[in-house]
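The following exercises concern the pairing of charged side chains. Please work through each task before reading its solution.

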Amino acid sequence: MCGIVGYTGPQSAITPLIEGLRRLEYRGYDSAGIALGTPDRLYIEKRAGKLVNLENALGESLPEVHSGIGHTRWATHGGPTDRNAHPHVDNEGKLAVIHNGIIENYTQLRADLESRGHRFDSDTDTESVAHLLSDLRKKHGGDLSAAMREAVASLRGSFTLLAIHADQPEVIVGVRRNSPLVVGLGVGENFMASDVAAFIDYTKRAVELGQDEVVTISPSGISITNLDGAPLQPKEYAITWDSSAAQKGGFNHFMLKEIFEQPKAVADTLLGRLNDRNQIVLDELHLTKEDIQGLKKIVVLACGTAFHAGMLAKYAIEKWAKISVEVELASEFRYRDPLIDSNTLVIAISQSGETMDTLMALRHAKASGARILAVCNTNSSTIPRESDAVLYTHAGPEIAVASTKAFLTQVIAVYLIGLHLAQLRGVMSDLEVKSVFDEMVELPGKIEQILETVEPLRELTRGFAQSTSVLFLGRNVGFPVALEGALKLKELAYMHAEGFAGGELKHGPIALIEEGTPVIAILPVGHEHGLDEKMLSNVQEVKARGAKVIVIAQEGAEVTGAEHVIRIPIAPAIFQPILATVPLQVFAYEMAVTRGNDVDQPRNLAKSVTVE
Ligand code: F6R
């Protein structure tokens, strides 16, 4: 939800700022803007629409300036217009602010500032911070860091803020509360951004910031303080992603690249997870046998695609570790009275590690005494930092807004947790665990096989481009896959799509079927309860009412009633979601391309949802 970047150093600032914004555009793309650190009065340019509109507006004759801040927006307060785009400036045009998040008490702030003579030019919550900082900087004799500390103390909500002032343009001050901000340490230059992807071409050294920490950067160094001004020691870490991961590498879209990266992402997430004594190695969970003995239940919290990974966690953990698992949408969790205590393990799943709904649910669970385990793809992000333990997925940076490789690695991660718990609880023998793990190790090769044969599926997809609605059916572990297939299609193709448990059809959804309605059914082959036959009956039911049915089934499985069959390699039922999801990702991707949609940046969405 909004990407922010700051640069100070010897380079012409426009290059790292625009490159950084391009890398952060996945976070929001309603409008974009920059403030360059020109003395006397800042150079500001901002435009509604994608970054390219800003680039076109900048033209050739830019001032040669060595510091600045940039913003790409996902609108919350105030529509996506030129005047609401960030940066926002004070009335002298000397101080500029960019912001990711929401200032909850901005109405009061604005009224106070207006009564003191400040003139507002936008409908945003952010602008009040620019005016407030302007006053406070004067009060603190030109010290922007001190002004930021005092300003933040009076703000409510979630925010990352960066500010720059024309009188000391080489200095940029930032602060974060519940929104991400990282510092990049260069040689004679320093950076700030929502995500390391913004400056990964320039440095691999990063510093993480805690809640309510104020950071001041200049070309010669950085300093961090708390809100009382007490200095804090920077916590440096090395960035392990390389910049090629943040480029399209010959693919037309990041999403397609990321779909094709899935074999490696899954393999990397499995790497080193079984030792030579056939034990699952998840030392980072820090769970002792005593912890496990006290464990009464597991609650999984997540949103969107990550929630579907959570649903699969329930099937696997209950099957293997024989412990009760509840899965809940993070956005709903804290608005009831969940029964959790110190005997509950909460697993918070999040690719970005910044999703506000998940973060708030996590905090609620923590306050009730639960132990929190994060499953996350983004190093040092807020959710892992606030958890008791973290299991990182190794998907690499996911740039496309629609989640693909992160999802598969989330499923792998929660499956590993299930096997680990099964071992610690003595429910599965080491040899049983090994044989399951051996099946998992086969998955990257099987995903590869699917990807090698997607062309006919892409062609088939194009034939459905005029459909108004697509339904997805699944049973057992195929049910979350159906939900995920529908979610991908909605967000990318802007089509009505719904996923159903096959058994629910007759309880209502079958009324949606009309002549020609495409229905995609995921056949749960080899399931111990013989569900494949039941699903094939569902296929017949919708076919009899005019549906055009595509069945996803493993090789060799007998399929009746389908117009088209998409084959996936043979795997035990519990692993079929990892394979069956891939054709559905390709289906949604191809549909979006055919319908002329922006695949990597679908309308109204943003990658990292840092507002509730
Ligand atoms: C869908 C998608 C979203 C995210 C959801 C949670 O393709 O990407 O539904 O899964 O916003 O995001 P994270 O995993 O970052 O918490």
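A salt bridge is defined here as a side-chain nitrogen of Lys or Arg within 4 Å of a carboxyl oxygen of Asp or Glu. The model is predicted: local features need pLDDT of at least 70, side-chain atom pairs count only at pLDDT 80 or more, and totals for chains, interfaces and linings use all residues. Residues are numbered from 1 along each chain as its sequence is written, and side-chain values use heavy atoms, with hydrogens and water left out.

**Exercise 1.** State how many salt bridges a search of the whole structure finds.

Solution. The search yields 28 salt bridges.

**Exercise 2.** Analyse the pair Lys-139 and Glu-150.

Solution. Step one: the closest N and O atoms of this salt bridge are 2.8 Å apart. Step two: Lys-139 belongs to helix α4 (residues 127–139) and Glu-150 to helix α5 (residues 144–153), so the pair ties together parts eleven residues apart in sequence. Helices are DSSP runs of H or I with at least four residues, strands are runs of E with at least two, and both are numbered from the N terminus. Step three: Lys-139 is exposed, at 57% relative accessible area, whereas Glu-150 is partly exposed, at 31%. Buried means under 20%, exposed over 50%, and partly exposed in between (1.4 Å probe, protein chains only).

**Exercise 3.** Analyse the pair Glu-326 and Lys-297.

Solution. Step one: their side chains form a salt bridge of 3.2 Å, N to O. Step two: Glu-326 lies in strand β17 (residues 324–329) and Lys-297 in strand β16 (residues 297–302), so the pair ties together parts 29 residues apart in sequence. Step three: Glu-326 is partly exposed, at 32%, while Lys-297 is buried, at 15%.
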